[in-house]
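Visitor: Please choose one part of this model for a close look, and then follow its connections outward into the rest of the chain.

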Amino acid sequence: NKIVYHELSNTFLISTLKREIFRPKPKESEGEEASEPEIKNDYRIAAQNYRGSIKVLSPEKWSIVDTLELEENESCTTLNVLNLKVNGTDGNRVVIFVGTGIFQSEDVSTDGTWKLCDLINVVPEPGKPEAKHRLKVLCSETAKGPVLDACAVDGRFAVIQGQRMLVRMLKGEGNAAPVAFTDTSLYSGKVKSFENLMLVGDCYHSVTLYGFDAEPYRMLTLGKDENHMSLSESEFIVHNQNLYILASDDNSILHIFQYDPYDPNSLKGLKLLKRSSFRSNAHTTKMMNCSRRRSLFSMVSTLPIRKDVDLGYEVIASNIDGSFYKVSPINEYQYRRLYSLQNYIAEKEHHWLGLNPKMNAVGNLQDELTVIKRPFIEYRLLTKFSSMNEDKKRMFAMRLGKDALVDIYRDMISLQ
């Protein structure tokens, strides 16, 4: 149910689930040890539960080289590769974070365990040269509440467990000490970081922006969305020294928020300002941001752009149907040209089955945003420009000014 790539060892880490007979663990009373439940031999169908494991997959022969078995009734909820600072040294260490939840019956509270693991080099077995890595558990801790998500922030790692988020610092071998904490909302299952900023997404109470300070150690609530939104995923977008947040909900709608403490409507930053909404018609399952200059999904490197120009960060996301999309920031001049082109194509060109792409994107979204002043630019709609005849292209470009046709093509290439 989870998969991550470990770059140093060139291996994949996969969490799997298997069914087995449910063996409940009784509650431990004070001063008494837990006893094994009595299993009666009858003809009733035994209840089943899931048990997770972490497997190391080598791409050399696509074979499993090592497996970390979890406890009974324990399944993996979070699997990340984090680059952390080691306290007291100048170096960093790449560790594997495994977060789990111990799920039993409804009358037993759910516990969770987080583990920090490392992939160590070992002598491979005869005939298996790819089996040269083993998982080693560095430290672990069990507490109330399942581990919902984790991320690296300023060389430390933040963990959401239950209704609390703790930031911990790695101290040598087998030791991680908490340095800061904060209470989260009802069910916060997503946390993302950008430098010393953290974005916490809640399934009912939308997104909240936190700041982490190391001198002294503390957590600061910078801003939050006041509307109730069933969040599915969120991520940071940084462009022209402005901080934006891209969020998707269970209704397949994308939202853009901005943290702007200088705007009077934000109440000195305590309120995240919603700038736009867009119906994507697909449920988003994962988002990640990356620099536009280093993105594998961008053709910006093919354009003559100076290195000192800030292109910002873009978000690459995946949907539950297996499709991918990306959201890229653009400057004001590009936006005006492409927005005019989008309106022209939506109003003048024919569409499949007579459908209205503009109403599909922003129609009936008054509950999300009363007036959408800055709509999203839909690149899939702009691709119809290349199939138009040359006369239509020139006539439209004449409205935008001299050399507008070349600028439109350059804008479209930068968004590919």
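Guide: The face of helix 4 that is turned away from its buried side carries the exposed residues Asp 391, Met 395, Met 398 and Arg 399, where exposed means over 50% relative accessible area, buried under 20% and partly exposed in between, with a 1.4 Å probe and protein chains only. Helices (H or I, at least four residues) and strands (E, at least two) are DSSP runs, numbered from the N terminus. This is a predicted model, in which local features need pLDDT of at least 70 and side-chain atom pairs count only at pLDDT 80 or more, while totals for chains, interfaces and linings use all residues. Residues are numbered from 1 along each chain as its sequence is written, and side-chain values use heavy atoms, with hydrogens and water left out.

On the buried side of helix 4, which spans residues 390-400, are Lys 393, Phe 396 and Ala 397. These residues lie on the same side of helix 4 because they cover an arc of only 100° around the axis, the arc being that of the directions from the helix axis to the C-beta atoms. Their cover includes helix 1 (332-348) and helix 5 (404-415). Just after helix 4, Gly 401 takes a positive phi of about 120°.

The two covering helices are themselves linked, since the side chains of Asp 411 and Arg 337 meet in a salt bridge with an N to O distance of 2.8 Å; a salt bridge is a side-chain nitrogen of Lys or Arg within 4 Å of a carboxyl oxygen of Asp or Glu. Asp 411 belongs to helix 5 and Arg 337 to helix 1, so that this pair links parts of the chain 74 residues apart. Asp 411 is buried, with a relative accessible area of 3%.

Helix 1 also takes part in a second pair, in which the side chains of Arg 374 and Glu 332 meet in a salt bridge at 2.9 Å, N to O. Here Glu 332 lies in helix 1 and Arg 374 in the loop between helix 2 (357-362) and helix 3 (379-382), 42 residues apart. Both ends are partly exposed, Arg 374 with a relative accessible area of 39% and Glu 332 with one of 32%.

These pairs are among the 22 salt bridges that the structure holds. Another of them joins Arg 168 to Glu 141, the closest N and O atoms being 3.0 Å apart, and because Arg 168 lies in strand 11 and Glu 141 in strand 8 (residues 133-144), it ties together parts that are 27 residues apart in sequence. Arg 168 is buried at 4% relative accessible area, whereas Glu 141 is partly exposed at 31%.

Strand 11 leads on to the largest nonpolar core, which has 16 residues, with Ala 158, Met 165, Val 167, Met 198, Phe 212 and Met 219 having the most contacts inside it. Such a core is a set of buried Ala, Val, Leu, Ile, Met, Phe, Trp, Tyr and Cys residues joined through side-chain atoms within 4.5 Å. At least two of its residues come from each of several strands, including strand 10 (156-161), strand 11 (164-170) and strand 12 (176-183). Leaving aside neighbours within four places in sequence, Met 198 is in contact (heavy atoms within 4.5 Å) with residues including Ala 158, Met 165, Val 167, Phe 212, Met 219 and Phe 236.
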